[in-house]
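Please read the following explanation with the model open, so that each residue can be located as it is named. The account begins with a term that is needed throughout and then turns to the structure itself.

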Amino acid sequence: MFLKRVKARNYEERAKGKLPYIILLHYTGMETMEEAKERLSEPENEVSAHYLIDEDGTVYDLVPEDKRAWHAGVSYWKRESDINSVSIGIEIVNPGHEFGYCAFPEEQIYAVKCLCQEIQSRHDIKYVLGHSDVAPERKVDPGELMDWQYLTYEGVGVLPDLIPEDYEKARELARNDFEAKKMFDAFGYNPMAAHIDVVTAFQRHYYPQVFLKGEEGKSGEACEETMARLVALVRQSKK
Ligand SMILES: [Zn+2]
């Protein structure tokens, strides 16, 4: 992994007693890498991230891991709303949905994997999430093209490992909005966020086929397949 250090000054101390247990993935959503680097390291911009990963896999080290960078904004995961204090933020260069969302190059995703593995060796990381998971009403990054499957295979993050019982449970949940919502809340999503946005964010991460092929299910709809994946994840998290 090729690491370059760029001194950013837009960060502060983490809230007292808080340590990073989330790795939060983003895309830059800007037209060029230079633009993104400038935005993330200039002190007058109130945004930053610990790392920035270029399309060729170069990793820019912007903010020390023990500091609080400003990448999550108003967000929430599992009863915690100061996500910046409990996470390490990685910005991945990609134009994003606004400027021509495209697949993440192999070199880049390999660098994401290596960096996450290193972070996991240094900290007790419990969740590897997308920005959209912690801010489902505002954000869609890193989006449905993120290769979570490869990352999970390499020990970074968790994806559903489905068994037949999950589908049995999912059949009931797909007909019961109230119980379905409770399960999304229990998994970690913000209970105050609109249900349709939570379901969509969940699908972007755990059921991206909804966006990639279209015909398999509908985005924002807590269908049987969507619920089965959630049931599996909740079951796996209890192990
Ligand atoms: Zn983001």
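A residue is called buried when its relative accessible area is under 20%, exposed when it is over 50%, and partly exposed in between. The structure to which these terms are applied here is a predicted model.

A suitable place to begin is helix α7, which spans residues 177–187 and holds both K181 and D185. K181 has a relative accessible area of 27%, and therefore counts as partly exposed. D185, with a relative accessible area of 26%, is likewise partly exposed. These two residues form a salt bridge in which the closest N and O atoms are 3.0 Å apart. K181 and D185 are four residues apart in the helix, so about one helical turn separates them.

The overall division of the chain comes next. Domain 1 covers residues 3–153, and domain 2 covers residues 164–237. Their C-alpha centres are 24 Å apart. Where the domains meet, 16 residues of domain 1 are in contact with 17 residues of domain 2. Between them the two domains bury about 1400 Å², and 60% of this area is on carbon and sulfur atoms.

What polar and charged pairs are found across this interface? The rule finds one salt bridge between domain 1 and domain 2, together with five residue pairs in polar contact. On the side of domain 1 that touches domain 2, β8 (127–130) and α4 (131–134) each supply at least two residues. Strand β8 gives the most to this side, with three residues. Sorted by class, the side of domain 1 that touches domain 2 has eight nonpolar, four polar and four charged residues.

The side chains of E144 and R204 meet in a salt bridge, with a distance of 2.7 Å from N to O. Are these two residues buried or exposed? Both R204 and E144 are buried. As for their positions, the closest N and O atoms of R204 and E144 are 2.7 Å apart. R204 lies in helix α8 (residues 195–206), whereas E144 lies in the loop between α4 and α5 (148–153), so the pair ties together parts that are 60 residues apart in sequence. The loop between α4 and α5 also holds P142. The peptide bond from D141 to P142 is cis, with omega near 0 degrees. Such a bond deserves attention because most peptide bonds are trans.

A search of the whole structure finds 15 salt bridges. One of them joins R68 and E12, whose closest N and O atoms are 2.4 Å apart. R68 lies in strand β6 (residues 67–69) and E12 in strand β2 (residues 11–13), so this pair ties together parts that are 56 residues apart in sequence. R68 is buried, because its relative accessible area of 17% is under 20%. E12, at 34%, is partly exposed. The two residues also belong to a network of salt bridges that links E12, R68 and D82.

The loop between β6 and β7 (87–92) is the place of G73. With a relative accessible area of 44%, G73 is partly exposed. Residues up to four places away in sequence aside, G73 touches N84 and R138. The C-alpha atoms of G73 and I125 are separated by 20 Å, and these residues are 52 residues apart along the chain.

Two further residues are found in the loop between β6 and β7, namely K78 and R79. What is notable about their backbone angles is the sign of phi. K78 has a positive phi of about 45 degrees although it is not a glycine. R79, also a residue other than glycine, has a positive phi near 70 degrees. These values stand out because most residues other than glycine have a negative phi. In accessibility, K78 counts as partly exposed at 29%, whereas R79 counts as exposed at 71%.

The account ends in helix α10 (residues 224–237), which is the place of Q236. Q236 has a relative accessibility of 17% and so counts as buried. Its neighbours within four places in sequence left aside, Q236 is in contact with V158, L159, P160 and D161.

How values were computed. Residues are numbered from 1 along each chain as its sequence is written. This is a predicted model: local features need pLDDT of at least 70, side-chain atom pairs count only at pLDDT 80 or more; totals for chains, interfaces and linings use all residues. Side-chain values use heavy atoms; hydrogens and water are left out. Domain bounds come from an automatic or database domain assignment. Contact means heavy atoms within 4.5 Å. Buried area is the accessible area (1.4 Å probe) that two parts lose on being put together, summed over both. A salt bridge is a side-chain nitrogen of Lys or Arg within 4 Å of a carboxyl oxygen of Asp or Glu. A polar contact is a pair of N or O atoms within 3.5 Å; within protein, one must be able to donate a hydrogen and the other to accept it, and residues adjacent in sequence count only if both atoms are side-chain atoms. Ala, Val, Leu, Ile, Met, Phe, Trp, Tyr, Cys and Pro count as nonpolar, Asp, Glu, Lys and Arg as charged, and the others, Gly among them, as polar. Buried means under 20% relative accessible area, exposed over 50%, partly exposed in between (1.4 Å probe, protein chains only).
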